[in-house]
Each structure stands twice: as structure tokens, then as C-alpha cells.
Amino acid sequence: MKTTVYTITSPQADDAYLLHAGEVLREGGLVVFPTETVYGLGGNATDAEAAKKIYAAKGRPSDNPLIIHIAEPQDARAYAVTSPLYDRLAAAFMPGPLTLILPKRESIPYSVTGGLDSVAVRCPAHPIAHALIAAAGVPIAAPSANLSGKPSPTCAAHVIDDLTGRVDIIIDGGSCDIGVESTILKIDGDRPILLRPGGITVEQLEAVCGPIEIADAVIGQLAPGERPLSPGMMYRHYAPTTPLTLVRGEREAVTAYLAARQAEGCAVLCYTEEAEYLSPQHCIVLGHRDDPHEQAQHLFDALRNADAFGAPHLYAHLPKETGMHLALCNRMLRAAAHSVIDI
Ligand code: TXA
Ligand code: MG
């Protein structure tokens, strides 16, 4: 398949590209587009065949359901059974990096939801994503636009590496602002359950909907054969080929530990504040210690690049679990396959 790359700086200026991409989506084609979290690999969410193409292009198991992307929060009503809680959360956080799981309607085929009776709905804030969904005139089913198992793409170069020849169009809209995928909250049962932490924090959600449950798979390790609430949590994810171990302990002790591992030829992911204590070789700086937003913007790129060191092992801090640090903690635990050492 021939893949065309469109570079779009502002959706208004390049309307012709977006109209064409919208037409390709309506006709069952695949279009990669930027969102404020990560790039998405989009297809028409009302078309069972388009969903199958998405799974094939990503190399993704077809029991792992897709998120449908809508232009306006109220559009969810045509595809899902909404509720007063949906309306409250939508008013507070949409458009934005929040995905809500609701009971599905018949308009969404089971191939999109991996056979589940629920559907994940998200209204992205990125102007190109918004304009593309509007141009398509249909909801867009889109997982992250990486090959299955690789870190989610946060710039067009990552997508071009993974999906050239596998999709019709890649829209290059620059780097993604947030850098980790949306927060996923399941609200189709008695109480809200956090399935994946992201740019909207637990603290922000609880201010709107009261106490929420946190699914075991967010921080914990699944027992062999255990099926998580979110099928995606089952799969190995984000992992560099170089084995990654997370280090937990006092700041100075962890920095000294990272320096010692570097001296043995290992590579490290570190914070800006400790870069001066480490060798610049075999080192990727994620951002300032207390700025999880900055760290999130760099994490997936760092995980993609870490293998280039050719180091025998990679070490990084285990992040905290508060605020947006929880999203980093979740992604890094999965990238490390829960390998954590206490020092
Ligand atoms: O930020 C994001 O959410 C990005 C951008 C492109 O919007 N999308 C994304 O999609 O991260 P994906 O497919 O990589 O991750 C979606 C996650 C998967 O873990 C999947 O199992 C879960 O959402 N999911 C989707 N529908 C679900 C459902 N009905 N019930 C439970 N989990 C669901
Ligand atoms: Mg993904």
C-alpha cells in the first residue's frame, strides 16, 4: 500500500488535505492523525471492515477493543448509552485526554469493541483531530498508531517508522503535547473505575465524580491467566528490547546507583537535576523531577531510542503514584515488566 504523508500546521490553512483524509476514512481507508496525547491510527468506527484493517495494520490482537473518537461530547449519544455522570465528566474534561467506557449501541460493530457490550468514547482536543473527525462525518476508531507492543508514537517520525506501507495517509501535525495516552474511566457500572491513568488525574476526576476505584492492573501485576477489566492491560507494552529495571529509594541513593550502573556500561533514564552527576553517554534526560508533564512528553521517545545505546541493561527511577506521576509509573512498570529493585 502506498502511504501519503500530509504535513499540516493549522487545520484551516490546509482544509483540502483534511477533506481528502475525511473522504478516505468514509470509504473505509486508514488515516493516522495527531491528538493531544499520542498519534492515532484511524478508521471509520461504524464500519466492521475498517476495524479489521486497523488490527491488521497494527498487528494487534482483535480482542483488544478500540477507542472511538468523536467531534463533540454530545455525539456520544448515537454510539453509546450516556448518563448524567457522562454529562458531568464531559462538561469538565472534554474535549481533552479522557476516555469514558459506556454501554455500546448497535451503531458500533462488535469488531470495534473486541466483542464487548461496552464502547470507549473520547473527544480529542487537538484541532487537527477535531477537524478530521468533522470532515469524515463519522466517528473514528483509533488505537495508538504504533506497531503492537511498541511505545505509542508522539511525533510523525515514530509513525513513519512503524506504519509506512500499512496505512493510506499519515497526517504530520508535529509533536503531541501530553505524550502519554488518555486517562480511561469505566462508567458503565455501579461506580467509576480507573482503567488507565493519563493526562486527567485521579484527583481531578474525584473532584467531579467522588471516590473512584483504581483497577488492579494500573500498578499491580496480573496473575498468570488473569483477565483485566481493560483487555489492553494484558499485553506487553512500551518495552524496549533492552531489559529495563526501575529503582526505588532515596533520591541521592538512586542517583548514586544509576551512576554506578552507568560505569558498568548500562544506560539510564534520569531527571534534569541529576544529569550533572551522571555521564552524558548512555543517558536520556526525561525532564525535571517535579514536572511529570515534561517527563511524559519525552518518555515514549526515550523508550524508542534506548535500544540504540546497545547497552546490556537500562535503569530508571520508579515514579511516584500521585497526580500525573501515576501515568508515568503505570507506563514504566509495564515497560519494565514490573522489574523493580529497592535500594
Ligand atoms: O490517548 C489515547 O487514548 C489514544 C489516542 C489515539 O486517542 N488511543 C489509545 O488507544 O491509546 P489504544 O487502543 O492504544 O488503547 C486503548 C485502551 C486499550 O487498553 C483497550 O483495551 C482499552 O482502551 N479499551 C478500549 N475499549 C474498551 C472497553 N470497551 N472496555 C475496556 N477497555 C477498553
Ligand atoms: Mg496503544
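**From one helix to two domains**

Lys 52 and Glu 49 both belong to helix α2, which spans residues 48–58, and they stand three residues apart, about one turn of the helix. Their side chains meet in a salt bridge, with 3.2 Å from N to O. The model in which this pair appears is a predicted one. Over the whole structure, a search finds 10 salt bridges.

The wider arrangement of the chain comes next. Its domain assignment gives domain 1, covering residues 4–218, and domain 2, covering residues 244–342. Taken over C-alpha atoms, the centres of domain 1 and domain 2 are separated by 28 Å. The two domains nevertheless touch: 25 residues of domain 1 are in contact with 14 residues of domain 2. Between them, domain 1 and domain 2 bury about 1,500 Å², and 56% of this area is on carbon and sulfur atoms. Two salt bridges are counted between domain 1 and domain 2. Elsewhere in the account of charged pairs, the side chains of Glu 181 and Arg 331 meet in a salt bridge, at 2.7 Å from N to O.

Attention may now turn to empty space. Rolling a probe the size of a water molecule over the atoms shows where such space is left. The largest pocket holds about 630 Å³ of space. It is lined by 41 residues, of which Arg 60, Pro 65, Ile 67, Ile 184 and Arg 196 are the closest to its centre. Which strand gives the most to this lining? That strand is β6, with four residues. At least two lining residues are supplied by each of β4 (67–69), β6 (118–122), β9 (183–186) and β10 (193–196). In chemical character, the lining of the largest pocket divides into 19 nonpolar, 14 polar and eight charged residues.

Two details of the backbone complete the tour, and each is found in a loop. The peptide bond that runs from Met 94 to Pro 95 is cis, with omega near -5°. Pro 95 is placed in the loop between helix α3 (84–93) and strand β5 (98–103). The second detail concerns His 282, which has a positive phi of about 55° although it is not a glycine. His 282 is placed in the loop between strands β13 (267–271) and β14 (283–287).

Methods:
Residues are numbered from 1 along each chain as its sequence is written. Chains are lettered from A and ligands numbered from 1 in the order in which they are written. This is a predicted model: local features need pLDDT of at least 70, side-chain atom pairs count only at pLDDT 80 or more; totals for chains, interfaces and linings use all residues. Side-chain values use heavy atoms; hydrogens and water are left out. On a 1 Å grid over the protein atoms alone, a cavity is a set of points where a 1.4 Å probe fits but cannot get out, and a pocket is an open set with protein on both sides within 12 Å along at least five of seven lines; lining residues have an atom within 4 Å of a point. Grid points are joined across faces, edges and corners, and a volume is the space filled by probe spheres set on the points. Ala, Val, Leu, Ile, Met, Phe, Trp, Tyr, Cys and Pro count as nonpolar, Asp, Glu, Lys and Arg as charged, and the others, Gly among them, as polar. Domain bounds come from an automatic or database domain assignment. Contact means heavy atoms within 4.5 Å. Buried area is the accessible area (1.4 Å probe) that two parts lose on being put together, summed over both. A salt bridge is a side-chain nitrogen of Lys or Arg within 4 Å of a carboxyl oxygen of Asp or Glu.
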